[in-house]
2 protein chains.
Amino acid sequence: MIATIVGTGLIGGSLAISLKEKGIANWIIGVDQNESNLQKAKELQIIDEGASLEDAMQRSELIILAIPVDALLKVMPSILDSAASNHVIMDVGSTKEKILQLVAGHPKRGRFVAAHPMAGTEYSGPEAAIRNLFAQKTMVLCDVKNSDEDALEVIENMVDKLQMRLVYMNAVEHDLHTAYVSHISHITSFALALTVLEKEKEQGRIFELASGGFESTVRLAKSSPDMWVPIFKHNRNNVLDVLEEHIHQLQQMKQLLEDEDYDTFYKLIQKSNKIKKILK
Amino acid sequence: MIATIVGTGLIGGSLAISLKEKGIANWIIGVDQNESNLQKAKELQIIDEGASLEDAMQRSELIILAIPVDALLKVMPSILDSAASNHVIMDVGSTKEKILQLVAGHPKRGRFVAAHPMAGTEYSGPEAAIRNLFAQKTMVLCDVKNSDEDALEVIENMVDKLQMRLVYMNAVEHDLHTAYVSHISHITSFALALTVLEKEKEQGRIFELASGGFESTVRLAKSSPDMWVPIFKHNRNNVLDVLEEHIHQLQQMKQLLEDEDYDTFYKLIQKSNKIKKILK
């Protein structure tokens with residue numbers, strides 16, 4: 001099968017590598033409006049060739065859109081318009097409601113499978129692409145009842161070969177849950193980085209002491225605004241909701257420290273320890 | 001050399017392993033008021049024998065106190081009282097002002113070297129002890145001008161053999177900087193865990209989507225309240241100061257989302273990306 005990857009960054013590039021390695025595709029066409037990324041992806045042998053979207057679509061069956069969610073909204077209508085009946089189009093976006101609202105009722109809606117691989121790193125660009133990014137991770141497929149059966153089968157088959165766990169959700173659930181387990185983590189990391197950078201300006205020397213714990217909590221703050229601002233924009237209501245809860249929790253801790261109520265503080269930490277049962 | 005480790009948990013146990021491996025000590029006596037921890041440490045061959053503090057002090061030169069900072073304050077006076085002139089006593093606590101205030105002016109103050117290895121994990125107990133926890137990490141020594149030269153030399157020699165980077169600070173600086181790069185990271189992780197656990201109760205299914213990014217930001221929330229509540233208590237003012245700044249940053253992000261001011265939001269994320277220059 002010939003596959004087209006639109007957006008040869010971290011996710012698109014990593015998918016390209018895995019599609020080849022797992023024998024899902026034998027030829028990868030890369031499409032990227034960033035010429036230098038496309039060139040790099042070719043040099044790194046992540047893609048076999050670069051092409052225009054039109055040319056690539058004419059020659060491939062599977063088209064994977066791995067671009068920021070705002071760019072996705074822009075290109076999706078014309079991609080669906082020109083889709084042939086054997087095309088399978090999949091996205092990898094971190095928000096789902098807006099894109100699925102946009103394509104609802106499109107005559108070729110069935111060719112589209114809305115997907116979100118719960119995998120990534122804080123890096124971006126083709127150089128960030130890595131092997132086996134997806135194995136043992138979760139792939140969420142959204143509102144699959146609106147995808148054609150044969151298109152869905154192609155994607156489910158791919159997910160299986162990528163050794164991913166498959167989860168089905170509707171778009172509303174998806175956007176709510178990703179706000180809780182992914183989007184808020186990024187917000188707290190960005191805010192924590194800003195906090196210590198601000199304090200560093202006043203105090204200096206802070207980072208001499210930075211250790212693994214600090215690195216762990218702020219590493220997501222290296223993430224690209226090009227990817228994340230559109231996500232926060234699309235998922236604004238859910239993100240605001242969980243952000244409010246998070247600020248509330250921090251204010252509660254602050255109050256307990258101010259009141260020197262260490263017994264309640266202890267109980268709160270014990271409660272938060274329950275996260276152990278969730279994480280491996 | 002015979003070394004005594006008081007507190008055979010993650011840090012004490014890992015130190016015991018390294019002291020042996022690096023040829024710093026050839027016999028390790030463990031002291032722990034938790035009998036079952038002491039037993040486990042012996043079974044795991046982290047320590048050579050368990051003993052009472054009095055017995056251990058009589059037979060060893062180096063005494064490392066790896067216990068929560070509140071427990072440290074309690075035992076320190078009597079340990080210094082009974083210290084001989086060849087004893088070297090080191091702590092590993094995450095806060096330094098209170099302990100150094102406590103021992104200031106003690107006739108045997110010089111035998112004490114206040115240390116803080118910037119290393120650890122979110123786990124605790126002797127089973128959590130790991131080899132090579134300290135290599136390439138930073139060891140902070142505080143107010144070393146008040147330690148005897150020969151005692152300091154023993155510790156500096158140990159730090160060198162552990163392949164750690166050495167940083168000297170005064171206690172006030174230390175407590176300020178650890179609030180920024182360590183203590184606040186724990187607060188945000190605890191609060192983030194509470195946030196999603198709260199939402200999980202309402203919504204269910206959230207954790208099906210938990211991925212690496214989430215795990216990274218909440219892993220510190222597995223940390224023990226027995227260790228952390230005393231740290232927050234000792235470093236209350238600094239922690240409150242940085243917590244206030246952090247809440248302010250989150251509120252700013254919330255306001256920008258409410259106002260849909262995505263341009264400013266973009267710039268904030270770009271600014272937070274500067275953390276790249278700090279982290280490897």
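Which residue of chain A forms a salt bridge with B:Lys199? In this predicted model, the partner is A:Asp241, and the closest N and O atoms of the pair are 3.1 Å apart. This bridge is a convenient way into the interface of chain A and chain B, across which five salt bridges are found. Polar contacts add to the picture: 21 residue pairs, both members at pLDDT 80 or more, are in polar contact across the interface.

Several elements of chain A build its side of the contact. Strands S7 (138-142) and S8 (165-169) each supply at least two residues, as do helices H7 (171-203), H8 (212-218), H9 (225-234), H10 (236-258) and H11 (262-272). Helix H7 of chain A gives the most, with 23 residues. By residue class, the side of chain A that touches chain B divides into 46 nonpolar, 22 polar and 22 charged residues.

How much area is involved? The size of an interface is often expressed as the accessible area lost when the parts come together. Here the area buried between chain A and chain B is about 8,700 Å², with carbon and sulfur atoms giving 71% of it. In chain A, the residues that lose the most area to chain B are A:Val181, A:Leu194 and A:Leu209, which together make up 8% of what that side buries. Counted by residues, the contact takes 90 from chain A and 91 from chain B.

The arrangement of the two chains comes next. Chain A is superposed on chain B by a rotation of 180 degrees with 0.0 Å of shift along the axis, at an RMSD of 0.0 Å. The two copies are thus related as by a two-fold rotation axis. Among the residues of chain A, A:Thr217 comes closest to this axis, its C-alpha lying at 2.2 Å. The copies meet through the same surface, because 100% of the interface residues of chain A are also interface residues in chain B.

Two of the contributing elements, strands S7 and S8 of chain A, also belong to an open sheet. This sheet has eight strands in the order S3-S2-S1-S4-S5-S6-S7-S8 (chain A), with mixed pairing. Strand S3 (49-50) and strand S8 of chain A stand at the edges with a single partner strand each, so one side of each is left without a neighbour in the sheet. For S8 of chain A, pairing with S7 of chain A is in the parallel sense and runs over five bridges. Within this pairing, A:Val140 has A:Val167 in S8 of chain A as its bridge partner.

Note on methods
Residues numbered from 1 in each chain as written. Chains lettered and ligands numbered in written order. Predicted model: local features only at pLDDT ≥ 70, side-chain atom pairs only at ≥ 80, totals over all residues. Heavy atoms only, no water. Contact = heavy atoms within 4.5 Å. Buried area = accessible area lost by both parts, 1.4 Å probe. Salt bridge = Lys/Arg side-chain N within 4 Å of Asp/Glu carboxyl O. Polar contact = N/O pair within 3.5 Å; in protein donor to acceptor, adjacent residues only side chain to side chain. Helix = DSSP H or I, 4+ residues; strand = E, 2+ residues; numbered from the N terminus. Nonpolar A, V, L, I, M, F, W, Y, C, P; charged D, E, K, R; others polar. Least-squares fit on C-alpha atoms with pLDDT ≥ 70 in both. Pairing = 2+ DSSP bridges.
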